[in-house]
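Q: Please take a close look at one part of this model for me, and walk outwards from there through its surroundings. I would like to see how the pieces join up.

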Amino acid sequence: MRVRVDFDSCDSNGLCAAEAPTVFEVRDDDFLYVLQENPPQELWPEVTRAANACPKFAITLEDR
């Protein structure tokens with residue numbers, strides 16, 4: 001799985017970071033950062049919940 005974020009749509013609200021904190025992080029500069037673009041399989045459920053939690057639909061999950 002590969003994580004893609006449309007940063008033009010993302011409003012960095014942190015909902016994804018709440019669901020998958022080892023993959024997403026909103027820093028003090030109020031921008032979202034993807035910590036693991038290709039997360040290991042054991043994190044896929046968290047990452048899927050994070051993508052589904054995004055109100056802007058800015059997170060896309062792609063097959064590798």
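**A loop residue and its surroundings**

A: Glutamate 37 is partly exposed, because its relative accessible area is 37%, a value between the 20% and 50% cut-offs. Please keep in mind that this is a predicted model. Glutamate 37 belongs to the loop between S3 and H2. Leaving aside neighbours within four places in sequence, glutamate 37 is in contact with Met1, Arg2, Val3 and Arg4. One of these contacts has a polar side: the side chains of glutamate 37 and arginine 2 make a polar contact at 3.3 Å. As for arginine 4, its C-alpha atom is 7.3 Å from that of glutamate 37, although the two residues are 33 apart along the chain.

From this loop, let us follow the chain into H2, which covers residues 44–53. Which residues of H2 are buried? They are Val47, Ala50 and Ala51. Looking down the axis of H2, you will find these buried residues within an arc of 95°, so they line one face of the helix. It helps to recall that an α-helix has 3.6 residues a turn, so residues three or four places apart point the same way. The buried residues of H2 pack against S1, H1, strand S2 (24–26) and strand S4 (59–62).

Threonine 48 is also in H2, but it is partly exposed, because its relative accessible area is 32%. Beyond its neighbours within four places in sequence, threonine 48 is in contact with Met1 and Leu61. Met1 is thus a link back to our starting point, being on the contact list of glutamate 37 as well. Between threonine 48 and valine 5 there are 13 Å, C-alpha to C-alpha, and a sequence separation of 43 residues.

Valine 5 leads us to the largest nonpolar core, which has 17 residues. Those touching the most other members are Val3, Val5, Val23, Phe24, Val47 and Ile59. Two or more residues of this core come from each of strand S1 (2–5), helix H1 (15–19) and H2. H2 gives the most, with three residues. Phenylalanine 24 is a good place to pause: not counting residues up to four places away in sequence, it touches Val3, Val5, Cys16, Ala17, Leu32, Tyr33, Val34, Leu35, Ala50 and Ile59. The structure holds zero aromatic pairs. Tyrosine 33 does have a charged partner, though: the charged end of arginine 27 sits over its ring, 3.9 Å from the centre.

Our last stop is serine 12, in the loop between S1 and H1. Serine 12 is buried, because its relative accessible area is 18%, under the 20% cut-off. Its contacts beyond four places in sequence are Val26, Asp30, Phe31 and Leu32. With aspartate 30 there is a polar approach too: a polar atom of the serine 12 side chain lies 3.3 Å from the backbone oxygen of aspartate 30. Aspartate 30 itself is in the loop between S2 and strand S3 (32–34) and counts as exposed, because its relative accessibility is 57%. The backbone is worth a glance here: phi is positive for serine 12, near 55°, and for aspartate 30, near 65°, and neither residue is a glycine.

Definitions and conventions:
Residues numbered from 1 in each chain as written. Predicted model: local features only at pLDDT ≥ 70, side-chain atom pairs only at ≥ 80, totals over all residues. Heavy atoms only, no water. Helix = DSSP H or I, 4+ residues; strand = E, 2+ residues; numbered from the N terminus. Buried < 20%, exposed > 50% of the residue type's maximum accessible area, 1.4 Å probe, protein only. Contact = heavy atoms within 4.5 Å. Core = buried A, V, L, I, M, F, W, Y, C linked by side-chain atoms within 4.5 Å. Phe/Tyr/Trp six-rings, centres within 6.5 Å; stacked < 30°, edge-to-face > 60°. Lys NZ or Arg CZ within 6 Å of the ring centre and 35° of its normal. Arc of directions from axis to C-beta. Polar contact = N/O pair within 3.5 Å; in protein donor to acceptor, adjacent residues only side chain to side chain.
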